[in-house]
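Here is a short, friendly briefing to read alongside the model. Please keep the viewer open as you go through the points.

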Amino acid sequence: MSTTARIEPGPNASLDSVVIRFAGDSGDGMQLIGNQFTRTSALAGNDLATLPDFPAEIRAPAGTRAGVSGFQLQFANHDIFTPGDIADVLVAMNPAALVANLGRLKDGGLIIVNNDKFASRDLKLANLEQSPLEDGTVENYRVVEVGITKLTKDTVEPLGLTTKEADRCKNFFALGMMYWLYSRNMGPTEDWVRSKFKGKYADANLAALRAGWSYAETVEIFAGQPYMVPRADDFDAGEYRNIMGNAALAVGLAAAATKADRPLFYGTYPITPASDILHALAPFKNYGVVTYQAEDEIAAVCAAIGASWGGSIGVTGTSGPGIALKAEAMGLANIVELPLIVVNVQRGGPSTGLPTKTEQSDLLQVMYGRNGDSPMPILAPKTPADCFEVAIEAVKIAFKYMTPVVIMSDGYIANGAEPWKLPDLDTIPEMKPTFAKAVEGEEFQAYSRNPETLARPWAIPGTPGLEHRVGGLEKQHLTGHVSYDPPNHQFMQELRRDKVNKIRQDIPATEIHGDDSGLCVLTWGSTYGAARTAVNGARKQGKKVGHVHLRWLNPLPADLGDVLAKYDRVLVPELNLGQLVKLIRAEYLIDAQSLSKVQGQPFTTNEILSRILEEV
Amino acid sequence: MTVPVYKKKDFVSDQVVRWCPGCGDYSILSQVQSTFAGLGVLRENFAVISGIGCSSRFPYYMETYGFHTIHGRAPAFASGLKATRPELSVWVISGDGDMLSIGGNHIIHALRRNFDINVLLFNNRIYGLTKGQYSPTSEVGKKTKSTPFGSIDQPFNPIQLALGAGGTLIARAIDVDAKHLQSMLETSHAHKGTGFIEIYQNCNIFNDGAFDEYRGKGEREENALYLEHGKPMVWGKTVRKGLILEGTTFKVVELGEAYSEDDCCIHDEGNYIQAQLLSQINGNGFPVPLGVMYREQRPTYETAFQDQVTAARGKLGNGDLEALVKGGDTWRVS
């Protein structure tokens with residue numbers, strides 16, 4: 001065991017923010033300790049944002065670069081919007097994890113590396129001829145070498161675990177060191193370990209955690225004093241929790257079911273990165289939420305529409321490839337005008353693409369990807385916690401306008417976490433839908449219209465006197481009978497379009513952050529955080545820049561054209577090859593510019609900031 | 001609520017029926033309307049769901065709740081509806097192309113899950129609405145617009161498929177035998193689980209005469225074996241015949257001096273192996289079996305589905321939204 005401490009001695013330094021990146025094999029439990037550090041930091045009152053970054057394979061070949069699983073988090077004493085462009089600290093459990101992540105570590109950053117994993121076979125697995133610890137690769141960093149494997153094994157030895165079982169505890173040793181380094185309270189993680197593991201396994205993980213802490217403290221590898229990141233003091237008063245995007249979406253759907261006093265039916269087929277919504281919703285049965293794991297994506301959406309026809313809140317969740325399969329049924333939901341929520345947790349494409357990586361490249365797919373003109377309301381959460389509000393809003397609009405609604409989340413939001421100020425539940429309006437009832441002496445018309453919203457009545461099976469037929473064939477205005485009449489088809493197509501546009505009356509005025517002249521940075525979805533930070537940075541440098549973020553992609557807000565007209569230039573950063581920018585150019589005839597990134601990774605702040613500085 | 005005394009006309013919608021004159025669908029529609037009137041179910045509690053194809057226009061002609069959905073997916077819509085509204089009487093109408101080709105995946109899963117729904121498969125062994133291509137039940141060698149040199153596809157046997165998929169009530173009927181078809185519809189309705197009825201249906205435009213061997217009254221008496229639980233497998237008017245078992249195969253015998261009804265197999269709806277054997281005979285000297293081929297009782301999907309909800313509410317009480325939103329760990333900023 002060697003410990004090479006090249007870290008400068010310092011006081012018990014108080015830092016404004018820290019970015020840590022944990023990296024190891026897929027099976028090393030990096031996501032687990034990342035989530036534990038996140039939770040602990042949240043409970044300590046920091047603002048934070050996370051970026052899990054893992055391969056699609058559950059256990060890619062151990063020790064290889066393909067199998068490296070990473071978890072990055074930023075925690076701060078102030079309001080932050082991103083998990084950080086570049087890490088201050090890298091915890092690397094093997095050579096592959098070290099070399100694969102060096103590019104994401106700032107110069108002079110701290111590396112804590114498990115040097116038990118640098119034998120020649122480990123180097124070979126990582127495609128390395130020499131040890132990066134010895135060939136100068138890491139000379140610009142502060143490196144702390146720790147024999148984590150051996151230390152963990154020695155720690156848990158009295159508990160009688162097998163070698164393999166003992167090895168699995170080493171992530172907790174690493175976590176213990178990080179907890180010491182940043183003066184974290186280990187209590188929440190200790191409680192969590194006791195609740196998740198039994199007997200000697202709980203004891204072993206706890207022992208490894210404490211051993212990591214003690215090791216860091218006593219061996220003085222970090223030159224004495226630990227750091228502190230004080231609690232963020234610019235949080236609004238209130239009660240907070242830490243939450244990930246998919247979980248927030250599930251809680252939002254359950255809240256909608258409660259406020260609507262209707263059962264919520266979630267029909268789905270497992271797909272990355274949307275499956276966690278199913279996992280989160282499945283236990284919510286006492287909230288009136290039922291989940292249905294269908295035979296395929298198509299059956300999932302069809303079953304959801306069937307449930308909606310029957311008066312439930314039909315919801316289906318998937319990712320881009322599933323949207324492709326659901327397209328025909330989404331068109332049916334459009335013409336039969338039933339409420340339906342379609343959740344698209346986007347990932348890299350096309351085809352199977354990059355299942356575990358993030359992208360925003362399904363916007364035009366959900367906007368236009370159906371036969372016939374088939375307008376589809378679309379809204380997108382901007383952060384993990386925002387998924388809660390978006391879920392409720394989607395259900396509200398689906399009921400009010402009798403329409404399918406698409407929620408565009410993505411992998412970054414789904415698996416990312418942030419502190420969430422708990423909402424005042426009393427402020428969420430009741431949204432009980434009104435079902436049609438027979439009126440004596442009046443013939444029921446299934447396609448009559450509410451003049452305010454153009455919604456048709458929701459007449460559910462079981463209602464006496466309202467027996468009627470719906471279906472995919474064109475409908476006669478008012479009666480809903482099958483109609484091949486040419487002018488009626490044009491009338492109905494325009495009506496369905498106008499109905500979706502009516503949603504504009506529910507969209508609040510567009511907010512401008514920063515300047516209302518100069519350059520407008522226009523974003524949607526998860527690009528919010530990096531763009532907001534970049535715009536703030538540019539404005540600190542005296543640049544005239546404003547940030548406009550869109551929650552609704554269809555319809556676009558009524559005032560958006562006027563807002564964009566205030567600016568000389570419009571820049572649209574997107575994780576695709578330029579999709580929203582096409583819609584903006586077509587809608588407003590302005591020369592909006594695209595900033596495109598399709599690497600399976602979110603924007604860094606610097607990528608957007610550099611482009612802003614080029615533009616202004 | 002008391003159920004009114006319905007007549008067939010109470011189930012006839014105001015829409016003009018647009019099937020070709022002479023289509024077998026007319027008879028099936030008429031039997032379904034007559035049967036619904038007598039099931040003791042409130043009219044508003046019927047939901048008729050179809051996919052795409054000639055037969056799938058069916059819901060428009062029924063004065064019930066109806067949903068004409070998309071190609072092949074009717075069982076999936078029915079699943080979502082039945083899971084959430086178990087009290088409804090749900091009927092899926094489909095054809096051989098809709099259900100066994102594009103919708104093959106959905107029917108097998110509906111059968112294994114055993115929703116308490118009724119599935120009427122109109123089998124005419126041809127694509128009608130797309131004007132005459134071979135279907136997944138067309139026989140090998142069939143010449144159609146898309147198979148000018150004869151079909152090379154091995155056809156599905158719908159009864160075998162339903163048996164293999166775990167169906168709990170599997171029957172066959174024929175469009176023109178009104179009384180028997182009605183009794184099969186009643187049997188399906190009474191069954192707690194998926195009732196799967198293959199209905200031989202003549203397409204007089206693109207596949208006329210496909211079922212002539214047992215469609216006319218005379219032919220039917222000679223060539224159709226009407227299955228009845230507990231009764232011997234016998235048929236034929238001019239010559240009485242019966243099925244006996246030799247090893248693991250059926251053999252046709254003439255009743256008279258050598259054999260009597262007592263020698264014939266007794267139909268047992270609960271005998272899965274016998275149902276397998278019955279599913280395989282059809283022509284070539286064998287009769288076509290009509291009636292309930294197989295029946296078993298198994299819990300329905302929607303019952304188990306709703307039981308979990310009831311159990312969760314019983315154990316945890318109605319969901320407390322505030323607790324849900326709080327989750328595990330919270331902290332306060334003042």
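**A charged patch and a small sheet**

At 43% relative accessibility, A:Asp234 counts as partly exposed, because that class lies between buried (under 20% relative accessible area) and exposed (over 50%), with a 1.4 Å probe and protein chains only. This is a predicted model, where local features need pLDDT of at least 70, side-chain atom pairs count only at pLDDT 80 or more, and totals for chains, interfaces and linings use all residues. Residues are numbered from 1 along each chain as its sequence is written, chains are lettered from A and ligands numbered from 1 in the order in which they are written, and side-chain values use heavy atoms, leaving out hydrogens and water.

**Around A:Asp234**
- In chain A, the loop between helix H8 (199-218) and strand E7 (238-244) holds A:Asp234.
- A:Asp234 forms a negative surface patch with A:Asp79, A:Asp233 and A:Asp236; patch residues have over 30% relative accessible area and no salt bridge (Lys or Arg side-chain nitrogen within 4 Å of an Asp or Glu carboxyl oxygen), and like charges are joined within 9 Å.

**Chain B overall**
- Chain B has 10 helices and 12 strands, taken as DSSP runs of at least four residues (H or I) and at least two (E).
- Of its 334 residues, 55% count as buried.

**A sheet in chain B**
- Three strands make an open antiparallel sheet in the order E8-E9-E10 (chain B).
- Strand E8 (234-235) and strand E10 (249-254) of chain B each have a single partner strand, so one side of each lacks a neighbour in the sheet.
- E8(B) pairs with strand E9 (residues 241-246) of chain B over two bridges in the antiparallel sense; pairing requires at least two DSSP bridges.
- Opposite B:Trp235 stands B:Lys241 in E9(B).

Terms used: Patches are made of residues with over 30% relative accessible area and no salt bridge: like charges are joined within 9 Å, nonpolar side chains (Val, Leu, Ile, Met, Phe, Trp, Tyr) within 5 Å. Accessible areas come from the Shrake-Rupley method with a 1.4 Å probe; for residues, only the protein chains shown count as cover. Lys and Arg count as positive and Asp and Glu as negative; His and the chain ends are not counted. The place of a charge is taken as NZ of Lys, CZ of Arg, CG of Asp or CD of Glu.
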